[in-house]
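Me: I've got a structure open and want to check what the usual terms stand on. Can we go through them one by one?

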Amino acid sequence: MTSAHLDAPPVTVRVPAKVNLELLVGPLRADGYHDLSTVFQAVSLYDEVTVADALEWGCTVIGPLADGVPVDGDNLAVRAAKALSSDARHVGPVHITIRKAIPVAGGMAGGSADAAATLVACDRLWGLGLSRDNLEWYAAQLGSDIPFLIAGGTAIGSGRGESLAPVLARGTFQWVFALAEGGLSTPAVFAELDRLRGDGPVPEPMPTPELMGALRTGKAAELAPHLRNDLQAAALSLRPGLATVLEEGIGFGALAGIVSGSGPTVAFLVSDVEAGLDLAVALTASGVVRDVRRAHGPVHGAHVLPTSVD
Ligand code: ATP
């Protein structure tokens, strides 16, 4: 271990959650994964990750959504820091503090977001000076959603989701997220999709031109009919109550509703901030959701907060 940076001030990185505007799942591959074609959008629900030099590796998770997040080597943030440390001539260790505001196991890539934030934070703390491309390369080794949480914005993901290409999207879209009690395991949702599909042929996934066109208009009403998630049927099969949440949200005026990633969070697209407020109030009063969050997208990916600039 080197002590070269022991006096460095802690670094805090803010990182967004993601919603999949389109998530197309290809056939099951021989290696057990599926090829995906997805369009990610980064939304303004943020975790904040602080890394500080320490005598030993450690992790603390704080905030109302901290329950159930591992604080040992299973935490994706810890894994990311250790992976970067071992490649960077064994700088470290660090203590990582995660302020959790992204729903856990909610289909919004909270764990991947923390890993992305940790890579950006450790790069700064340790003075590595890695380029964005380099950071995204490390991120892709750690998990398929992680490069996107560094990049942010709106982007097409292919392969397992880790190969990114930016998408031209105009304007800002308003979202309301309905949080559910408990999480859903991503592997379990993919397994349920395979079970529902049976032996039938599954086409190779390709981004749909209609969605790309809608994003270029910047209009929520144009985007709404093109939101699609192949995992939705599987999430609904495992969590039938989500169908009620989707119906209620549409009934209360959402332009569209979709299960976010592998769920169980449900994302509602609304026309403007006012409609988002109305929907959030109505969903809360309906009692069918655990909680709601309003957000907008696209937003920037993981970035160092100015207070921690040295
Ligand atoms: P994705 O959309 O990427 O499939 P998700 O949003 O459904 O993921 P996460 O919040 O990333 O789910 O959590 C999935 C599991 O990962 C959790 O149940 C938890 O045990 C584990 N985990 C590891 N590190 C973290 C972290 N930093 N934050 C949240 N969960 C973590």
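Me: What makes the radius of gyration of the chain agree with a compact globule?

Reply: The radius is taken over C-alpha atoms, and the globule rule is 2.2 Å times the number of residues to the power 0.38. For 310 residues that gives a value near 19 Å, and the chain has 19 Å, so the two agree. Keep in mind that this is a predicted model, where local features need pLDDT of at least 70, side-chain atom pairs count only at pLDDT 80 or more, and totals for chains, interfaces and linings use all residues. Residues are numbered from 1 along each chain as its sequence is written, and side-chain values use heavy atoms, leaving out hydrogens and water.

Me: Why is the pair between Asn-75 and the ligand called a polar contact?

Reply: A polar contact is a pair of N or O atoms within 3.5 Å. A polar side-chain atom of Asn-75 is 3.0 Å from a ligand nitrogen, so the pair fits the definition. Ligand oxygen atoms join in too: one is 3.0 Å from a polar backbone atom of Met-108, and one is 3.1 Å from a side-chain N or O atom of Asp-145.

Me: Which residues are the closest around the ligand?

Reply: Ala-105, Ala-109, Gly-111, Asp-114 and Thr-186 are the closest of the 22 that surround the ligand. A residue counts as near if one of its heavy atoms lies within 4 Å.

How values were computed: Polar contact = N/O pair within 3.5 Å; in protein donor to acceptor, adjacent residues only side chain to side chain.
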